Amino acid sequence: MQGWMIALIVIAAVIVVVALSFVIGALVFVHNVVGRRKAKDSESIPEKYGVDEEWFDDWEYCTQKISITAYDGCKLAGTLIKQPEGQPRLVAICCHGYGSCYRALQPQAEMFFDRGFDVFLPTMRGHEGSEGKVGMAWIDRFDLLRWIDKIIAMYGETVEIALYGISMGGSTVIAAAGMEPPPQVKCVIDDCGFSSQYDQCRASLKNAGLPQCFIHLYNTGLKLVHGYSLYDADIMPFAAKMSVPALFFHGEKDKFVPFALGQKLFDACSSANKKFVAVADAEHACSYIRDRETYGREFTEFIAANFPDSKFIDRPKKPKTASVTDESSETGEQKEKIEQTAAAEDNTDVAVPSTVSEKECDGVSPQTDGSSDTGSPAQGEPEQKE
């Protein structure tokens, strides 16, 4: 064999090895980012985030677990905490952040609860009791729209819904609010959400001391795993289509999701009624604990303006424990409607119509044929690759 043929074979072999190494590296990189997350122990960080784990114990008798099936067949779990007084017409849906869990939202859940809201805390896909890989807001937006449908199916058409999210959850609620949610959604609160996956990836690489060229490695893996490009996963176009009132919080010392990303998201928001609250000296997801007075005041004023019927409920810190089936724990209509749904949850999921309209949103035209709980991909919803 001539020398040039040997050289050609060696070069080809090197190219194949490099290509395979790139693909394997991309898959490993993406797995480390969007693979299943273990929730941080919120009990170990109450001082940092203001979490009071005992609050969930106090209201355990008002709590139930519900679930849905996502477009790709993933089972998604959620926790619903109901008003013991039986006020079923206000519901807050609160979405946690990346690598976190619903319990980390205890301070915000309590603020909603004390104003007469039932509080629903979905476990984001790829976390704890929910299946699948992490959606990084881009896929979670479809899940949230299905959760909204679920709440409407449980409570009826007269329910009024507030959306709240922190970090990845904040980007999720903004994206969902820009996808023409049903009229029951009255407002959105975003705490330190990112403007796009691309912006967030650049910030994360910088924080980790890695070169920006790693973006191409991550993007390749993302396409292989999730079937979409990093450059497409932009939340700002959805913010530009929002119409519901929106309140934004962001810590000025946030390094994980830099302050500038939150400002970009706010600037892109087209809501006529919007407000941005910059919290001095607050790190990532620490705006509440850093300045409870400002956070609480802005939160309360915003909720009061958009839910005139909401009122502060002055109740004992630790209520008397009772059974969730007590006649006194819920009024007749709410008890019948929610318990019927809860009974159905024991063996199957409730099929509810999709909220997403047929209008395209950045080339996405989600299905509206009512098959949201069949496990089959809806039109426009990204196909999850195994």
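Which helix gives the most to the lining of the largest cavity? Keep that in mind while you load the structure, which is a predicted model; the tour gets there at the end.

**Stop 1: the whole protein**

Start with everything shown as cartoon. You'll be looking at 13 helices and 8 strands. Of the 386 residues, 55% count as buried. The protein exposes about 16,700 Å², and carbon and sulfur atoms supply 56% of that. Now think about contacts with a sequence separation of 6 or more: 78% of them come from residues 24 or more positions apart.

**Stop 2: the β1–β2 hairpin**

Select residues 63–69, which make up strand β1. Here 5 of the 7 residues are buried, so β1 is largely enclosed by the rest of the structure. Add residues 75–81 for strand β2; the two strands run antiparallel and are joined by 7 bridges. To check one of the pairings, pick Thr-69 and look across to Lys-75, its bridge partner in β2.

Then click on the turn. There are 5 residues between the strands of this hairpin, and Gly-73 takes a positive phi near 90°.

**Stop 3: across to β4**

From β2, move to β4, residues 118–122. β2 and β4 run antiparallel, with 4 bridges joining them. Thr-79 is a handy marker, as it stands opposite Leu-121 in β4.

How much of β4 is covered? Mostly: 5 of its 5 residues are buried. Turn on side chains and you'll find Asp-118, Phe-120 and Pro-122 pointing one way, with Val-119 and Leu-121 pointing the other. That fits the usual pattern, since in a regular strand the side chains alternate between the two faces of the sheet.

**Stop 4: β3, with a partner on β4 and on β5**

Next, select residues 90–95, strand β3, where 6 of 6 residues are buried. Leu-90, Ala-92 and Cys-94 point one way, while Val-91, Ile-93 and Cys-95 point the other way.

Stay on β3 and look for its pairings. With β4, the pairing is parallel over 3 bridges. With strand β5, residues 160–166, the strands also run parallel, joined by 6 bridges. Val-91 is a good residue to centre on: it stands opposite Asp-118 in β4, and its bridge partner in β5 is Ile-161.

**Stop 5: helix α4**

Select residues 106–113 to bring up helix α4, which is mostly covered, with 7 of its 8 residues buried. The buried set is Gln-106, Pro-107, Gln-108, Ala-109, Met-111, Phe-112 and Phe-113.

**Stop 6: the loop between β4 and α5**

Two residues in this loop deserve a click. Is Gly-129 buried or exposed? At 53% relative accessibility, against a cut-off of over 50%, Gly-129 counts as exposed. Gly-129 sits in the loop between β4 and α5. Leaving out residues up to four places away in sequence, Gly-129 touches Lys-75, Ala-77 and Thr-123. Try a distance line as well: from Gly-129 to Cys-101 you should get 9.8 Å, C-alpha to C-alpha, for a pair 28 residues apart in sequence.

Ala-137 lies in the loop between β4 and α5 too. Ala-137 counts as buried because its relative accessibility is 0%. Check its backbone angles: Ala-137 has a positive phi of about 75°, although it isn't a glycine. As background, most residues other than glycine have a negative phi.

**Stop 7: a detour to Cys-192**

For another positive phi at a residue that isn't a glycine, jump to Cys-192, at about 60°. Cys-192 is found in the loop between β6 (185–191) and α7 (197–208). At 1% relative accessibility, Cys-192 counts as buried.

**Stop 8: the largest cavity**

Finally, the cavities. The structure holds 3 of 30 Å³ or more, and about 60 Å³ of space lies in the largest. Select its lining: Leu-76, Cys-95, Pro-122, Thr-123, Met-124, Arg-125, Asp-140, Asp-143, Leu-144, Trp-147 and Thr-172. Colour by chemistry and they divide into 6 nonpolar, 2 polar and 3 charged.

Some names will be familiar: Cys-95 was a stop on β3, and Pro-122 one on β4. As for the opening question, the answer is helix α5, residues 140–155, which gives 4 residues to the lining.

Methods
Residues numbered from 1 in each chain as written. Predicted model: local features only at pLDDT ≥ 70, side-chain atom pairs only at ≥ 80, totals over all residues. Heavy atoms only, no water. 1 Å grid on protein atoms, 1.4 Å probe; cavity = no way out; pocket = protein on both sides within 12 Å on 5 of 7 lines; lining within 4 Å. Points joined across faces, edges and corners; volume = space filled by probe spheres on them. Nonpolar A, V, L, I, M, F, W, Y, C, P; charged D, E, K, R; others polar. Buried < 20%, exposed > 50% of the residue type's maximum accessible area, 1.4 Å probe, protein only. Contact = heavy atoms within 4.5 Å. Areas by Shrake-Rupley, 256 points an atom, 1.4 Å probe, with all protein chains shown as cover. Pairing = 2+ DSSP bridges.
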